[in-house]
Amino acid sequence: LTSEMLLTGAWKTLQFKPYNFDALGQPPECGHLHPLLKVRSEFREIFLELGFTEMPTNQYIESSFWNFDALFQPQQHPARDAHDTFFMASPTVTTDFPMDYLERVKKVHSTGGYGSQGYRYDWKIEEAQKNLLRTHTTAVSARMLYKLAQQKEFVPQKYFSIDKVFRNETLDATHLAEFHQVEGVIADRGLGLADLISVLDAFFKRLGFDKLQFKPAYNPYTEPSMEIFAYHNGLGKWIEIGNSGVFRPEMLLPMGLPDDVNVIAWGLSLERPTMIKYGLNNIRDLVGPKVDL
Ligand SMILES: COC[C@@H]1[C@H](c2ccc(C#Cc3ccccc3)cc2)[C@@H]2CN(C(=O)Nc3ccc(OC4CC4)cc3)C[C@@H](O)[C@@H](O)CN12
């Protein structure tokens, strides 16, 4: 059938074979998943295989309360300054919090509790109300753990998240103002460092790393904390592959979790493994328009 047949009406006297609606279309010449999305799918598969449930991370704007205060990160911590964090001009504040929980967070920061001496400072609700672009997906983990603590009966859980986070950092070849954080969280009774090490072994083995090394580290919300290293055969050297730790009681107990419940967690980025996998040295080759700056 041609346009000429249609124009001249010649089609009326011709015989056509029946149209095959089941025929496959012409395969598209081009088109492929973005490398970051391919690696995200690989990570998601690993977490799902290990029995983890994905957290709802589709809200980039967070309150300082859930991003910092709920994680026992003090209000004077440098990461909470505008030179590290993007604060929202509008809407500037969030005011609806579970007030009984907020009071327990205020107390554990200012005068301590649960065996902790706290930070002994004048905790201000105005600081906690400030809206920001979340600096880590651990803010979502905090929301999920609080929700878990409200259940009548505690049931162990395994959560994961893979989504964008935002930091007001100096941009360079490997750092942009936003990156994707990958985070795994396990809540169960009597968990400790040995459980964390064994789950990290299981997780990173699926990434091709069969020998990990750990280095003591510091995070405001985990104690102990460990940086994770692995020997990368392709690069022929040890590389840092993430950070991890056991969430502090000052974070978990104000939520209302039973005091024998521990939470172990770890994080890494999506960009770093993707750049290594595809042999990229500049993160701009991964994201953003292809322009020669
Ligand atoms: C501001 O930047 C932080 C980011 C990002 C990171 C670091 C820590 C966390 C975390 C956490 C955490 C800790 C405790 C509890 C909950 C979450 C999340 C992301 C990567 C974490 N890093 C990182 O991803 N490295 C990495 C990971 C996988 C990988 O796979 C191989 C190719 C197959 C290779 C490399 C380590 C470094 O790149 C580091 O220099 C940069 N880090």
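Here are some worked exercises on the predicted model shown above.

Residues are numbered from 1 along each chain as its sequence is written, and in this predicted model local features need pLDDT of at least 70, side-chain atom pairs count only at pLDDT 80 or more, and totals for chains, interfaces and linings use all residues. Side-chain values use heavy atoms, with hydrogens and water left out.

**Exercise 1. The ligand shell**

Task: Find which residues come nearest to the ligand, and describe the shell around the ligand.

Solution:

Step 1. Start with the neighbours, where near means that a heavy atom of the residue lies within 4 Å of the molecule. There are 23 residues around the ligand, and Arg-167, Glu-240, Ile-241, Ser-269 and Arg-272 come nearest.

Step 2. Now look for polar contacts (pairs of N or O atoms within 3.5 Å; within protein, one must be able to donate a hydrogen and the other to accept it, and residues adjacent in sequence count only if both atoms are side-chain atoms). Glu-240 places a backbone N or O atom 3.0 Å from a nitrogen atom of the ligand. A polar backbone atom of Ser-269 is 2.8 Å from an oxygen atom of the ligand. Arg-272 uses its side chain instead, with a polar atom 3.5 Å from a ligand oxygen atom.

Step 3. Check the cover, using accessible areas from the Shrake-Rupley method with a 1.4 Å probe (for residues, only the protein chains shown count as cover). On its own the ligand has 860 Å² of accessible area, and the protein covers 85% of it.

Step 4. Ask which elements supply the shell; helices (H or I, at least four residues) and strands (E, at least two) are DSSP runs, numbered from the N terminus. Two or more residues each come from β5 (178–189), β8 (237–247), β9 (261–269) and α9 (271–277). β8 gives the most, with 7 residues.

Step 5. Sort the shell by type: Ala, Val, Leu, Ile, Met, Phe, Trp, Tyr, Cys and Pro count as nonpolar, Asp, Glu, Lys and Arg as charged, and the others, Gly among them, as polar. The result is 8 nonpolar, 10 polar and 5 charged residues.

**Exercise 2. Helices and their buried residues**

Task: Work out the span of α2, α7 and α6, and say which of their residues are buried.

Solution:

Step 1. The expected span of a helix is 1.5 Å times one less than its number of residues. Helix α2 (residues 35–49) has 15 residues and reaches 21 Å from its first C-alpha to its last, close to the expected 21 Å. Helix α7 (residues 193–205), with 13 residues, reaches 18 Å, close to the 18 Å expected. For the 12 residues of α6, the end C-alpha atoms are 16 Å apart, in agreement with the expected 16 Å.

Step 2. Buried means under 20% relative accessible area, exposed over 50%, and partly exposed in between (1.4 Å probe, protein chains only). In α2, the residues Leu-36, Val-39, Phe-43, Ile-46 and Phe-47 are buried. Seen down the axis of α2, its buried residues fall within an arc of 95°, so they line one face of the helix. The arc is that of the directions from the helix axis to the C-beta atoms.

Step 3. Turn to α7, whose buried residues are Leu-196, Val-199, Leu-200, Phe-203 and Phe-204. They cover an arc of only 125° around the axis, which puts them on the same side of α7. Ala-194 and Lys-205 are exposed, on the face of α7 turned away from its buried side.

Step 4. Finish with α6, which is mostly covered, with 10 of its 12 residues buried. Among them are Thr-138, Val-140, Met-144 and Tyr-146.

**Exercise 3. Backbone features**

Task: Locate two cis peptide bonds and two residues with positive phi.

Solution:

Step 1. The bond from Ser-90 to Pro-91 is cis, with omega near 5°. Pro-91 sits in the loop between α3 (64–67) and α4 (99–110).

Step 2. Glu-223 and Pro-224 are also joined by a cis peptide bond, with omega about -5°. Pro-224 belongs to strand β7 (residues 222–232).

Step 3. Phe-72, not a glycine, has a positive phi near 60°. Phe-72 is found in the loop between α3 and α4, and at 1% relative accessibility it counts as buried.

Step 4. Arg-120 is not a glycine either, and its phi is positive, about 50°. Arg-120 is in the loop between α4 and α5 (125–129), and at 62% relative accessibility it counts as exposed.
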